[in-house]
Amino acid sequence: MAPLQKAHVKLLYDISSPYSYFAFATLLRYKEAWNLDVDLFPIFLGGVMVYTENTPPSLRPMEVPYIILDKGRISDQYSVDIRSPPGHPMDTTSLNLIRFLRAVREEEGQEILAECTRLIFEEFYAVQTDYRTEQFWECLVPTLTKENLARIRQLSQTTRHKEGIKEDVKNAVENYGMFGAPWMVATRASDGKVDVFFGADKFDAMGWWLGPEYVWRGPYPDGQNPYPIATPRHSGIVARL
Amino acid sequence: MAPIETVKIDFIYDISSPNSYIVFVTLLRYRKAWNLDINLRPVSLDGITAITGPGAANPVPIKKAYIDRDFGRMAERWGLDIRLPPGRPSPASLLKLVHFLRALKDVESPDVLTQCTVLFFEEYYSTHTSPVAPAFYDCVIKGHPASRGQGPLSESRFKEIWALAASAEIEERVQKDVKEVVSKFKTFSCPWIVAYKVPLDDRPLSREEKLKNPIERTDYQSFFGPDRMDTLAYYLGPEYEWKGPFPDGRERFLPRALGLPGLPVEFNPEALNSDLKAML
């Protein structure tokens, strides 16, 4: 039984962060069940790191073995394929991808943005096409027509979006205290209060905070266990998207 | 329903780490539901960060602000009347406490170590006694105020263990522990859980024979922080369910300080700590 009132959740995410991919997929799965008004907001995590002087765990060598283990098992548990492309995250930057998604958000709206985000995440992590090639952008056709895709790509390289990204980083850090991704800003329906949740593992805490009618049942709102990505197949388990 | 075979858990913690308290309480609450065999391993978080670098244990101010806020939120969700201690004693000041716990682990039973850990956590996060004051250790002699009697250690026994804790042997063991967890489990902060899954046993033996000669457990995984309990349940197997801070799933129905409409009960910290006191 979905809650009657709509709660608002703003997700600040970056393509370069696999935990953002987990949060993005899970939030959209729970959108109907929790009657959420989701506002997807692409943000440049590299900029956030520089602005807050924070370091991501990938730059702390003693923490890397645990992160690798953790990513793999959360990928299984949540059925989201984040087997990283070679050179990620040390040699990759999501700057142009975020500029593009920012332009999509302004030009096309939330639904197309959600679809483009999903396609770009899949192309980056699962298919592992090199994001610097032209071929990478072909994944967005036919969600966007070829002309529209070219137009939005051109728009994303204008000053408006290049400067806009810096504005977004500044606003996110100063208004929400953001220092990493994924960052969720939730507005409760009952009293309008706002709170922030960092990480893809905060959904049950967010559900508790939103109210007793927001029940967390695991990776899928109907409580089913998903098809694991990295571990071998068992017979009888059907893959789910 | 958890299987009869116990799940072995190594719980690596430090009193100075707030999340260690939350994970410790969670493991105690789930002890029966998941049939856990908890091996408490008090370590020096200071010693760990000396090897691994500041990193996760020493974040930038903006991240620290969020972590402190999140701790307050988690404390309420878990139904614990705890707050970060004022003045924020550094992990280094708790070194004597780590030595004491390590000495306890050597000479006393796991039950006594568990009781003392609970009492120290409460003294540090509820009563807010300074850990460098001698009065901090009164809690293990006098016990919890609710139990109104003898604590887990008598005064003479406490003095013996205190003397042992100051010895060079224990100092060496504490340092060895830190080196071991960092090299074997890649630990970089607390709380750190190492879970040994119940192995699949399909030998053609009877139940009793299997329990007498169990298969050696080689499959283990590490879990860091308070947000990996559902992943821990996923790792252990489908019979292990994570139902939130309470194994009967009652967190949704507890009264809250935020006063959501429709919940007539007032927030009463005394009532919420009752299940913790029942363990002492």
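**Chatting about salt bridges and a two-chain contact**

Visitor: Let's start with A:Lys166. Buried or exposed?

Guide: A:Lys166 counts as exposed, because its relative accessibility is 54%, over the 50% cut-off. Keep in mind that this is a predicted model.

Visitor: Which residue does A:Lys166 form a salt bridge with?

Guide: The partner is A:Glu163, and the closest N and O atoms are 3.4 Å apart. A:Glu163 is partly exposed, at 40% relative accessible area.

Visitor: And where do those two lie?

Guide: Both are in helix H7 of chain A, residues 159-176. They sit three residues apart, which is about one turn of the helix.

Visitor: Okay, new topic. How many residues does each chain give to the contact?

Guide: Chain A gives 38 residues and chain B gives 34.

Visitor: And what area is buried between them?

Guide: About 3400 Å² is buried between chain B and chain A, with carbon and sulfur atoms giving 58% of that. On the chain B side, B:Tyr66, B:Arg73 and B:Tyr234 supply 19% of the area buried against chain A, more than any other three residues.

Visitor: How many salt bridges cross the interface?

Guide: The rule finds seven between chain B and chain A. There are also 16 residue pairs in polar contact across the interface.

Visitor: Which elements of chain B give two or more residues to that side?

Guide: They are helix H2 (45-52), helix H3 (61-77), strand E4 (220-224) and helix H10 (229-236) of chain B. The largest share comes from H3(B), with nine residues. By class, the side of chain B that touches chain A has 16 nonpolar, 13 charged and five polar residues.

Visitor: Back to salt bridges. What about A:Asp191 and A:Arg188?

Guide: Their side chains meet in a salt bridge, at 3.0 Å from N to O. A:Asp191 is partly exposed at 35% relative accessibility, whereas A:Arg188 is buried at 2% relative accessible area.

Visitor: Then why does the pair of B:Arg73 and A:Asp195 join two chains?

Guide: Because B:Arg73 lies in helix H3 of chain B, while A:Asp195 lies in strand E4 (residues 194-198) of chain A. The two form a salt bridge with closest N and O atoms 2.9 Å apart. Both B:Arg73 and A:Asp195 are buried.

Visitor: Which residues do salt bridges with shared partners join into one network?

Guide: In chain B, the network takes in B:Arg41, B:Arg102, B:Asp106, B:Glu169, B:Arg173, B:Asp177 and B:Glu180.

Visitor: Last one: how many salt bridges over all chains?

Guide: The count comes to 39.

Note on methods. Residues numbered from 1 in each chain as written. Chains lettered and ligands numbered in written order. Predicted model: local features only at pLDDT ≥ 70, side-chain atom pairs only at ≥ 80, totals over all residues. Heavy atoms only, no water. Contact = heavy atoms within 4.5 Å. Buried area = accessible area lost by both parts, 1.4 Å probe. Salt bridge = Lys/Arg side-chain N within 4 Å of Asp/Glu carboxyl O. Polar contact = N/O pair within 3.5 Å; in protein donor to acceptor, adjacent residues only side chain to side chain. Helix = DSSP H or I, 4+ residues; strand = E, 2+ residues; numbered from the N terminus. Nonpolar A, V, L, I, M, F, W, Y, C, P; charged D, E, K, R; others polar. Buried < 20%, exposed > 50% of the residue type's maximum accessible area, 1.4 Å probe, protein only.
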